[in-house]
Amino acid sequence: MPAMVKRLPDFRFVWSHPAHAVSLSAGLGLAPAWPGTVGAAGAVVPALLLLGQPWFVLAVVFAVTFAVGVRAADVTGRALGEEDPSCVVFDETWAMALTFLAIPAHVPEWIAGFVAFRFFDIVKPYPIRAVQDGLRGGLGVMADDLAAALAAIAVIDGAAYALGRI
């Protein structure tokens, strides 16, 4: 297999292929600073649009979009010459939306959920790091963010329960 050649994306790249538009969260991944945080912040709109949907609808939406994210991250990673380029932020957008929808829909909880998710996504304590290191390609890109989201959900829902907010 030939060596991958790194390339820097721009807006033309984002819209040159549907996989790039998805994996860069419609351009959020082009943020010059903290693209993962910007991508995670992009989850507010989809989470608000999905708020109140039955759990089985959310399960289908998140399963389908997880699979789409895996494929999009693979395609974009190959095109950019990196397995997990920092501009690929759909994993953060997807996982943050999951986090928002699995915790109480109140501003304090959503802010805490955002901070908790970013903490787990950046620091990657065990087992999140093991998930990232154990999987390759788009599956690895998406799965470590799923693990970070599950950790954030556990922390925020646990705190909300302890405080009598759920």
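Ala-26 counts as partly exposed, at 45% relative accessibility. Ala-26 sits in the loop between helix 2 (18-23) and helix 3. Its phi is positive, about 55°, although Ala-26 is not a glycine. The model is a predicted one. The points below cover backbone features, salt bridges, the largest pocket and a nonpolar surface patch.

**Backbone features**

- Lys-124 also has a positive phi, near 50°, and is a residue other than glycine.
- Lys-124 is found in the loop between helix 7 and helix 8.
- With 12% relative accessibility, Lys-124 counts as buried, because the cut-off for buried is under 20%.
- Ala-26, at 45%, is partly exposed, because that class lies between the buried limit of 20% and the exposed limit of 50%.
- The loop between helix 7 and helix 8 also holds Pro-127.
- A cis peptide bond links Tyr-126 to Pro-127, with omega about 10°.
- Ala-149 lies in helix 9.
- Ala-149 is buried, at 0% relative accessibility.
- From C-alpha to C-alpha, Ala-149 and Pro-127 are 12 Å apart in space, and 22 residues separate them in sequence.

**Salt bridges**

- The count comes to five salt bridges.
- One of them pairs the side chains of Glu-83 and Arg-136, at 3.3 Å from N to O.
- Glu-83 lies in the loop between helix 5 (55-80) and helix 6, and Arg-136 in the loop between helix 8 (128-134) and helix 9, so this pair ties together parts 53 residues apart in sequence.
- Glu-83 is partly exposed, with a relative accessible area of 38%.
- Arg-136 is exposed, with a relative accessible area of 57%.
- Another salt bridge joins Arg-165 and Glu-109, whose closest N and O atoms are 2.3 Å apart.
- Arg-165 lies in the segment after helix 9 and Glu-109 in helix 7, so the pair ties together parts that are 56 residues apart in sequence.
- The two partners fall into separate accessibility classes: Arg-165 counts as partly exposed at 42%, whereas Glu-109 counts as buried at 6%.

**A salt-bridge network**

- The side chains of Lys-124 and Asp-121 form a salt bridge, 3.1 Å from N to O.
- Lys-124 is buried, with a relative accessible area of 12%.
- Asp-121 is buried as well, with a relative accessible area of 5%.
- Arg-118, Asp-121, Lys-124 and Asp-144 are joined into one network by salt bridges that share partners.
- Lys-124 thus takes part in this network and carries the positive phi near 50°.

**The largest pocket**

- The largest pocket has a volume of about 210 Å³.
- Its lining has 16 residues, and those closest to the centre are Asp-84, Ser-86, Asp-91, Glu-92 and Asp-121.
- Four elements give two or more residues to the lining: helix 3 (35-41), helix 6 (90-102), helix 7 (107-123) and helix 9 (137-162).
- Helix 9 gives the most to the lining, with three residues.
- By type, the lining residues divide into eight charged, five nonpolar and three polar.
- Asp-121 is among the residues closest to the centre of the pocket and also belongs to the salt-bridge network with Arg-118, Lys-124 and Asp-144.
- Helix 9 also holds the buried residue Ala-149.

**A nonpolar surface patch**

- Val-44, Leu-48 and Leu-51 make a nonpolar surface patch of about 230 Å².
- Leu-48 has its place in helix 4 (residues 44-50).
- At 49% relative accessibility, Leu-48 counts as partly exposed, because exposed means over 50%.

Key. Residues are numbered from 1 along each chain as its sequence is written. This is a predicted model: local features need pLDDT of at least 70, side-chain atom pairs count only at pLDDT 80 or more; totals for chains, interfaces and linings use all residues. Side-chain values use heavy atoms; hydrogens and water are left out. Patches are made of residues with over 30% relative accessible area and no salt bridge: like charges are joined within 9 Å, nonpolar side chains (Val, Leu, Ile, Met, Phe, Trp, Tyr) within 5 Å. Accessible areas come from the Shrake-Rupley method with a 1.4 Å probe; for residues, only the protein chains shown count as cover. A salt bridge is a side-chain nitrogen of Lys or Arg within 4 Å of a carboxyl oxygen of Asp or Glu. Buried means under 20% relative accessible area, exposed over 50%, partly exposed in between (1.4 Å probe, protein chains only). On a 1 Å grid over the protein atoms alone, a cavity is a set of points where a 1.4 Å probe fits but cannot get out, and a pocket is an open set with protein on both sides within 12 Å along at least five of seven lines; lining residues have an atom within 4 Å of a point. Grid points are joined across faces, edges and corners, and a volume is the space filled by probe spheres set on the points. Ala, Val, Leu, Ile, Met, Phe, Trp, Tyr, Cys and Pro count as nonpolar, Asp, Glu, Lys and Arg as charged, and the others, Gly among them, as polar.
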